[in-house]
Amino acid sequence: MRPLRNPVIQKAVSFTLSQWMRFCYATTRWEHENLPLAEEVWDQGGGVLVAFWHSRLGLAVAAWPMDRAQKMRGLISLSADGEFLVKAMARLGIDAVRGSSSNKDKKQASKGGTQALRDGLRQLKVGGLAVTPDGPRGPAGVMAEGLPVMARMSGAPVLFLGISAKPVIQLNSWDKAVLPLPFAKGAVVWDRATYPQGADLADVVTEWTARMNAVEARADAITGFKSR
């Protein structure tokens, strides 16, 4: 049995990690760019999709103001390993919609993707849904179709989130995930889109991938972080 699949260990580690992340977020000096794009969505209320690459999952919670913005839920894998993330994110105020969108070459291994789509669309009627379009197993920076499909079906706006910090811990994982350290320099960069009426899904995937890369690159430029 993998240690992180043990419920007792999951509970202990998720509690410790969530407390550490709170401390790191609070002591980071954050710089914001294009914030009015996000503030307009927060003021409007209703459904919103928030998209960022899987590698920045450990930072992304810091960008969402729980006291002002829509109630946020996160789309997290149904895998046993996903349970660890569910517990940690819940302690930070982000409940889960379980399941994951599957890339075309992973359809036979889809873990609850259809149900997650239904639950995600239901959530978008009342609040926010955080999505990592290259998760849960990559390839890193390759967008699956789940995000644009949900945007097209729901009509909800999409906020692309680029978030960075320096210094950070960078893991040797498939996505080169980063975890926060205290007293860092941080950057939050926003972009906003809606699904273009009548647009080809493949074209939207290409455009939105480029825009996600752009906000992340801009955030990294502000902090000086360079991924391995």
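**Overall layout and packing of the predicted model**

Read along the sequence, the protein runs α-β-α-β-α-β-α-β-α-β-α-β-β-α. That comes to 7 helices and 7 strands, in what is a predicted model. Of the 228 residues, 49% count as buried. The protein exposes about 10,800 Å², and carbon and sulfur atoms supply 56% of that area. Contacts reach well along the chain: among those between residues at least 6 apart in sequence, 76% join residues at least 24 apart.

Now for the inside. In soluble globular proteins, nonpolar side chains tend to be buried together. Here the largest nonpolar core holds 33 residues, and Trp-42, Val-50, Phe-52, Trp-64, Leu-159, Leu-161 and Trp-190 have the most contacts inside it. At least two residues of this core come from each of α1, α2 (35–44), β2 (48–51), α3 (57–60), β3 (72–76), α4 (82–91), β6 (158–170) and β7 (178–193). The biggest giver is β6, with 5 residues. Trp-42 shows what this packing looks like up close: leaving aside neighbours within four places in sequence, its contacts are Leu-35, Ala-63, Trp-64, Pro-65, Arg-68, Ala-69, Gln-70, Leu-159 and Trp-190. There is also a second, separate core of 30 residues, with Trp-53, Leu-121, Leu-124 and Ile-222 among them.

Trp-53 turns up again around helix α7. Thr-209 sits in this helix, which covers residues 201–223. Beyond its neighbours within four places in sequence, Thr-209 touches Trp-53, Gly-141 and Met-143. Its relative accessibility is 15%, and under 20% is the mark for buried, so Thr-209 counts as buried.

Helix α1 is worth a closer look. With 21 residues at 1.5 Å a residue, α1 should span 30 Å, and its end C-alpha atoms are indeed 30 Å apart, so the two values agree. The buried residues of α1 are Gln-10, Ser-14, Ser-18, Met-21, Cys-24, Tyr-25 and Thr-27. An α-helix has 3.6 residues a turn, so residues three or four places apart point the same way. Trp-20 also belongs to α1, which covers residues 7–27. Trp-20 has 35% relative accessibility, so this residue counts as partly exposed. On the surface, Trp-20 joins Phe-23 and Phe-183 in a nonpolar patch, and the three together have about 330 Å² of accessible area.

Two further spots bring together parts of the chain that are well separated in sequence. Gly-128 lies in strand β5, residues 128–131. Its relative accessible area is 0%, so Gly-128 is buried. Gly-128 and Gly-47 are 81 residues apart in sequence, yet their C-alpha atoms are 5.4 Å apart in space. Leaving out neighbours within four places in sequence, Gly-128 is in contact with Val-48, Gln-70, Lys-71, Met-72, Arg-73 and Gln-123.

The other spot is Glu-145, in the loop between β5 and α6 (146–154). With 31% relative accessibility, Glu-145 counts as partly exposed. Its C-alpha atom is 9.2 Å from that of Val-204, although the two residues are 59 places apart in sequence.

Notes
Residues numbered from 1 in each chain as written. Predicted model: local features only at pLDDT ≥ 70, side-chain atom pairs only at ≥ 80, totals over all residues. Heavy atoms only, no water. Patch = residues over 30% accessible without salt bridge, like charges linked within 9 Å, V, L, I, M, F, W, Y side chains within 5 Å. Areas by Shrake-Rupley, 256 points an atom, 1.4 Å probe, with all protein chains shown as cover. Salt bridge = Lys/Arg side-chain N within 4 Å of Asp/Glu carboxyl O. Helix = DSSP H or I, 4+ residues; strand = E, 2+ residues; numbered from the N terminus. Buried < 20%, exposed > 50% of the residue type's maximum accessible area, 1.4 Å probe, protein only. Expected span 1.5 Å × (residues − 1). Contact = heavy atoms within 4.5 Å. Core = buried A, V, L, I, M, F, W, Y, C linked by side-chain atoms within 4.5 Å.
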